[in-house]
Amino acid sequence: MATPASWDVVATVKALPEQIEGFWRHHLGLGAARVFLFMDDPASTYLATDPRVACVRAEAGGASRPPAIEDRQTANATRAARISQSDWILHCDIDEYLDGDEPVASVLARAAEDVGALIVAPAEPLYESFPASFADILAARHFKVKVPEVEAAQAFWARRYGEMIELSNAGFWAHRRGKSFYRTRLAREGRTIPLHGFSHARALSVGQKEARGGLRLRHFDALDFDSWLAKNCARVEGTVQARLAGDARNALSRLIRDTLHDGGLDQAKALFATMFGIDEPLLAEGLERGFIVTRAPLILGAGGAGRGRRIRNGDG
C-alpha cells in the first residue's frame with residue numbers, strides 16, 4: 001500500500017470572515033497539512049485561529065500586484081508551492097470545496113511518480129429553494145456534474161435554461177475544466193502554477209491526468225447572493241479584471257447586471273433561481289442519466305464547515 005501523500009491548499013481570498021473560516025476548516029478536516037490564504041483585500045485584517053493556516057497580506061497599490069485577478073492567483077499559488085513542505089498543493093478559490101469518496105492523501109499517493117498534476121472536476125450546486133444565507137449555500141445536496149457527452153448535457157440543460165444555455169458551458173455557468181493538485185516540486189523547478197491546469201504541451205510535459213477517487217470541487221460560484229451580484233457587476237463595470245472569463249461568461253455577467261438595474265432585486269433573485277434551481281421532474285431525470293449527483297450537505301457549525309450525513313452515493 002502506498003504511503004499517504006501530504007497536501008496543502010492555496011487560495012486568493014476576498015470574503016466574509018465566516019466564509020474564510022468555513023473554507024480552511026473544511027480543507028483541514030479533509031487532511032490538508034496547511035492552507036495558504038492570500039488576502040486579496042488590502043484592508044483585510046483577518047487572521048486564522050489555527051497555526052496551520054497562513055494568512056498573507058496584500059499590498060495596496062504595490063507595484064508587484066498584477067491588475068488581473070487571475071494573474072494574482074497564479075503568482076500567489078506559485079509562491080505558496082515554492083515554500084510548501086508537502087508533496088502536493090491544490091490551487092482553488094474560496095467558493096470551491098473539495099469533495100471525494102476516498103481520503104485525499106490516499107488518492108494522491110496512488111499517482112505515478114511522473115504525474116505532476118491532477119485535475120479535479122467541478123460540480124455546480126442546484127438548490128431546491130432559494131439559499132438565503134451562507135449556511136444554505138453550503139447545504140446544497142444536488143450538484144450538476146461534468147459528463148463526456150457534451151452535446152447531450154447541452155440539450156438536457158437547455159430544457160431548464162432556454163436561450164440562456166448559449167451563455168453556459170454545456171450547462172455550467174462557470175468553468176467545466178476544474179482545478180488542479182500540483183506536485184510542489186514543479187514550482188521549485190521554476191514552473192508557474194496555473195489557475196486551472198497546464199495546457200497542451202505543458203500538460204504532457206508534467207504528466208497531467210484526471211483525478212480519481214471521486215474527487216470533485218463543489219463550486220458554489222459565490223458564497224451568498226449579494227456577493228454573486230457584486231462579483232458580476234464588478235466585472236461589467238471594470239472594478240474587477242477577469243481577463244480569462246471569456247465572451248460567454250462576460251455576456252452572462254452583463255445579463256445579471258442588466259437584470260438587477262432594469263428589474264430590481266426581485267428580478268435578479270428570479271434569475272438566480274432559474275440558473276441555480278432545479279424542479280423535481282428534471283432532477284429525477286438528471287440523477288438517472290448522470291448529469292446530477294446527490295451528495296451530503298456541508299453543515300456550518302461553530303467550527304466552520306463540516307460534512308453532513310450522506311444522502312446518496314451519487315456516481316462517486
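Is Lys179 buried or exposed? I started with this residue, working on a predicted model. Lys179 comes out at 1% relative accessibility, so I list Lys179 as buried.

**Entry: Lys179**

I placed Lys179 in strand β8, which covers residues 179-183. I then looked for a partner for its side chain and found Asp93, with a polar contact of 3.2 Å joining the two side chains. With residues up to four places away in sequence not counted, I noted that Lys179 touches His91, Cys92, Asp93 and Glu96, and also Leu118, Ile119, Val120, Leu195, His196 and Leu217. Asp93 therefore appears both in the list of touching residues and as the polar partner, while the 1% accessibility is why Lys179 counts as buried.

**Entry: the chain overall**

I took the totals next. I count 10 helices and 13 strands in the chain. The chain has 316 residues, and buried residues make up 54% of them. I also checked how far along the sequence the contacts reach: among those between residues at least 6 apart, 70% join residues at least 24 apart.

**Entry: helix α8**

I checked the length of α8, residues 225-237. Its 13 residues at 1.5 Å a residue should span 18 Å, because the span is counted over one less than the number of residues. I find the end C-alpha atoms 18 Å apart, which agrees with the expected value.

Which residue caps the N-terminal end of α8? I find Asp224 there, with a side-chain oxygen 3.2 Å from the backbone nitrogen of Asp226. After the helix comes Gly238, and I read a positive phi for Gly238, near 85 degrees.

I listed the buried residues of α8 as Phe225, Trp228, Leu229, Asn232, Cys233 and Ala234. The buried residues of α8 pack against α9, which runs over 247-276.

**Entry: α8 against α9**

I looked up the geometry of this pair. The two helices pack at an angle of about 145 degrees, and their axes are 8 Å apart. I have the crossing of α8 past α9 as left-handed. I sorted the residues of this contact into 12 nonpolar, three polar and seven charged.

**Entry: Arg249**

I picked Arg249, which sits in helix α9. Arg249 has a relative accessible area of 12%, so I list Arg249 as buried. I find a polar atom of the Arg249 side chain 3.4 Å from the backbone oxygen of Trp173. Leaving aside neighbours within four places in sequence, I have Arg249 in contact with Trp173 and Ala174, with Asp221, and with Lys231, Asn232 and Arg235. Asn232 is also one of the buried residues of α8.

**Entry: Asp224**

I went back to the capping residue. Asp224 belongs to the loop between β10 (216-219) and α8. At a relative accessible area of 17%, Asp224 is under the 20% cut-off, so I list Asp224 as buried. Besides the cap, I find a polar contact of 2.8 Å between the side chains of Asp224 and Gln19. With neighbours within four places left aside, Asp224 is in contact with Leu16, Gln19 and Ile137. I also noted Asp95, 129 residues from Asp224 along the chain, with the two C-alpha atoms separated by 9.7 Å.

**Entry: positive phi values**

I looked at backbone angles next. Most residues other than glycine have a negative phi, so I wrote down the exceptions I met.

Where is Asp221 placed? I find Asp221 in the loop between β10 and α8. Asp221 is not a glycine, yet its phi is positive, near 70 degrees. At 4% relative accessibility, Asp221 counts as buried. Asp221 is also among the contacts of Arg249.

His200 is another residue with a positive phi that is not a glycine, at about 50 degrees. I have His200 in helix α7, residues 200-206. At 71% relative accessibility, I list His200 as exposed.

**Entry: Ala203**

I stayed in helix α7 for Ala203. Ala203 has 13% relative accessibility, so I count Ala203 as buried, whereas His200 of that helix is exposed. Leaving aside neighbours within four places in sequence, I find Ala203 in contact with Phe198 and Gln208. I also looked at Val115, 88 residues from Ala203 along the chain, and have their C-alpha atoms separated by 9.8 Å.

Definitions and conventions:
Residues numbered from 1 in each chain as written. Predicted model: local features only at pLDDT ≥ 70, side-chain atom pairs only at ≥ 80, totals over all residues. Heavy atoms only, no water. Helix = DSSP H or I, 4+ residues; strand = E, 2+ residues; numbered from the N terminus. Buried < 20%, exposed > 50% of the residue type's maximum accessible area, 1.4 Å probe, protein only. Contact = heavy atoms within 4.5 Å. Polar contact = N/O pair within 3.5 Å; in protein donor to acceptor, adjacent residues only side chain to side chain. Axes fitted to C-alpha atoms, helices over the stretch in contact; angles between N-to-C directions. Left-handed = near helix turned anticlockwise from the far one by under 90°. Nonpolar A, V, L, I, M, F, W, Y, C, P; charged D, E, K, R; others polar.
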